[in-house]
Amino acid sequence: MISDDIREIITVVLVLVSALMCFAAGVGLMRFPDVLSRLHAATKPQILGLMAIAAAVAVNNATIATFALLTAIIIFQALTAPITAHMVGRAAYRSDHLRRDLLIRDELSDSVDRAEQDGAPPAPHGTPPAPRDDRPSG
Amino acid sequence: MSPESGGRRISARSQIVLFCGLVVLWCLLWGQFTVLSVVSGVVLAVVISLLFYLPAIDLSGRINIWHTAVFLVRLLVDIARASLDVAWLVIDPRYKPSSAILAIALDTRSDLIMTWTAEAISLVPGSIVVDVDRQESVLYVHVINVADDDGLEDFRASVFATEKRLVMAIGSVDDVWRVNQPNELTRSVRRGRN
């Protein structure tokens, strides 16, 4: 097995990586300009941070029970975090909480326009219901 | 295959797989794989699938272990790399906000593959699925930190690559054929319709 010193070093590195990721998420929340950009900072790097913490725990407590529980934790975080981001992002887009001036291309609004031109009721999935004015939010 | 019997057989097999998934999850939560935990898991899985009935997921019935491993390893690498990218972006003093929302028309016609693709690209920092058009298999993805069209096309290509890896791993035979065709034939791109 690995010696205690090496284990300590691995643990320290992993915990530091994880802390850095959480720090980045916090700063990102402050610095990024709109909801969609902030979501990137707020929901994503923690997955790596969580994996690093889980790995640190596993290195220090290498039993099957720990591995099993950590696996379940990571799987559920990995499955649910994107859903959260998606739901918030979708709500933000529909309620116009985004800075359109920062988008260099917006193909979603193209298809919203197209759906409205077709005169059909918007598709059940995928297009916001109401016509929006393009005022810059903020 | 005939639609009736084939469909029913596939969904029965899918249900067995999902049932086993529930039992394994129960064992993971207890952290032990003993007779007691497996038996109690089976009992609980039966109760849950009867009480909380959901429409059956149509698994493709095909899995390729090698391609699954490729997909998972690549996903991990992508997560690590992209997390560091976003972390750097956050503290980079020269960061200038510039993002885009792309409509990405996937090859697949399977809800499950579309969901997994959306999950996988959302899990990788730097992209969020903002909206989904299920009928046309289109994902609307918000991409952070893209400066020009080249960057956008690179990102689009990376989503297609993710989808392809996923389809090679667990997609149906039909979808595998589709992702290996030239793009113009299979993707429901509706550009230039106006």
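These are my notebook entries on a predicted model with chains A and B.

**Entry 1: chain B as a whole**

I began with chain B and counted its elements: there are 7 helices and 3 strands. Going along the sequence, I wrote down the order α-α-α-β-α-β-β-α-α-α. Next I looked up burial, and 32% of the 194 residues of chain B count as buried. I also checked how far apart in sequence the contacting residues are. Among contacts in chain B with a separation of 6 or more, 68% join residues 24 or more positions apart.

Then I turned to the domains. The assignment splits chain B into domain 1 (3-51) and domain 2 (65-186). Taken over C-alpha atoms, the centres of these two domains of chain B are 30 Å apart.

**Entry 2: the annotated transmembrane regions**

I went to the UniProt record next, which is an unreviewed entry for each chain. For chain A it lists residues 9-30 and 50-76 as "transmembrane region". For chain B the same label, as UniProt gives it, covers residues 12-31 and 37-57.

I looked at what the model shows over these spans. Residues 9-30 of chain A are 100% helix and 0% strand, with 32 Å between the end C-alpha atoms. Residues 50-76 of chain A are 89% helix and 0% strand, and here the end C-alpha atoms lie 11 Å apart. In chain B, residues 12-31 are 95% helix and 0% strand, and their end C-alpha atoms are 29 Å apart.

**Entry 3: a stop at Val57(A)**

I picked one residue inside the second annotated span of chain A, Val57(A), which sits in helix H3 (residues 45-60) of chain A. Is Val57(A) buried or partly exposed? I found 18 other C-beta atoms within 10 Å, and a residue needs 20 or more to be buried, so Val57(A) is partly exposed. Leaving aside residues up to four places away in sequence, Val57(A) touches Thr66(A) and Leu70(A). I also looked at Lys44(A), 13 residues from Val57(A) along the chain, and their C-alpha atoms are separated by 21 Å.

**Entry 4: a sheet built from both chains**

Which strands make up the open sheet, and in what order? I traced 4 strands in the order S1(A)-S1(B)-S3(B)-S2(B), with mixed pairing. The edges are S1 (103-106) of chain A and S2 of chain B, each of which pairs on one side only. From one strand to the next, the twist averages 25 degrees.

I then went through the pairs:

- S1(A) and S1(B) run parallel and are joined by 3 bridges; Asp106(A) stands opposite Ile101(B) in S1(B).
- S1 (residues 99-105) of chain B and S3(B) run antiparallel, with 6 bridges. Ile104(B) has Leu139(B) as its bridge partner in S3(B), and Ala103(B) has Tyr140(B).
- S2 (residues 127-133) of chain B pairs with S3(B) in the antiparallel sense, over 6 bridges. Val132(B) stands opposite Leu139(B).

S2(B) and S3(B) also form a hairpin with 4 residues between them, and Ser137(B) in the turn has a positive phi of about 55 degrees.

**Entry 5: why S3(B) is enclosed**

I wanted to know why strand S3 (residues 138-143) of chain B counts as largely enclosed. All 6 of its 6 residues are buried, so the rest of the structure largely encloses S3(B). Both faces are covered: Val138(B), Tyr140(B) and His142(B) are buried on one side, and Leu139(B), Val141(B) and Val143(B) on the other.

I also looked up a helix beside the sheet. Helix H5 (residues 149-170) of chain B lies across S1 of chain A together with S1 and S3 of chain B, at about 40 degrees to S1(B).

**Entry 6: where the chains meet**

Last, I listed the contact between the chains, which takes 39 residues from chain B and 42 residues from chain A. On the side of chain B, helix H1 (3-30), helix H3 (65-91), S1, helix H4 (111-123), S2 and S3 each supply at least two residues. H3(B) gives the most to this side, with 7 residues. By type, the residues of chain B that touch chain A divide into 24 nonpolar, 10 polar and 5 charged.

Technical notes:
Residues are numbered from 1 along each chain as its sequence is written. Chains are lettered from A and ligands numbered from 1 in the order in which they are written. This is a predicted model: local features need pLDDT of at least 70, side-chain atom pairs count only at pLDDT 80 or more; totals for chains, interfaces and linings use all residues. A residue is buried if 20 or more other C-beta atoms lie within 10 Å of its own, exposed if 12 or fewer, and partly exposed in between; C-beta atoms are placed from the backbone. Two residues are in contact if their C-beta atoms, placed from the backbone, lie within 7 Å. UniProt positions are given in the numbering used here, feature names are shortened, and annotations may be inferred rather than shown by experiment. Two strands pair if DSSP finds at least two bridges between them. Axes are lines fitted to C-alpha atoms, for helices over the stretch in contact, and angles run from 0 to 180 degrees between N-to-C directions. Domain bounds come from an automatic or database domain assignment. Ala, Val, Leu, Ile, Met, Phe, Trp, Tyr, Cys and Pro count as nonpolar, Asp, Glu, Lys and Arg as charged, and the others, Gly among them, as polar.
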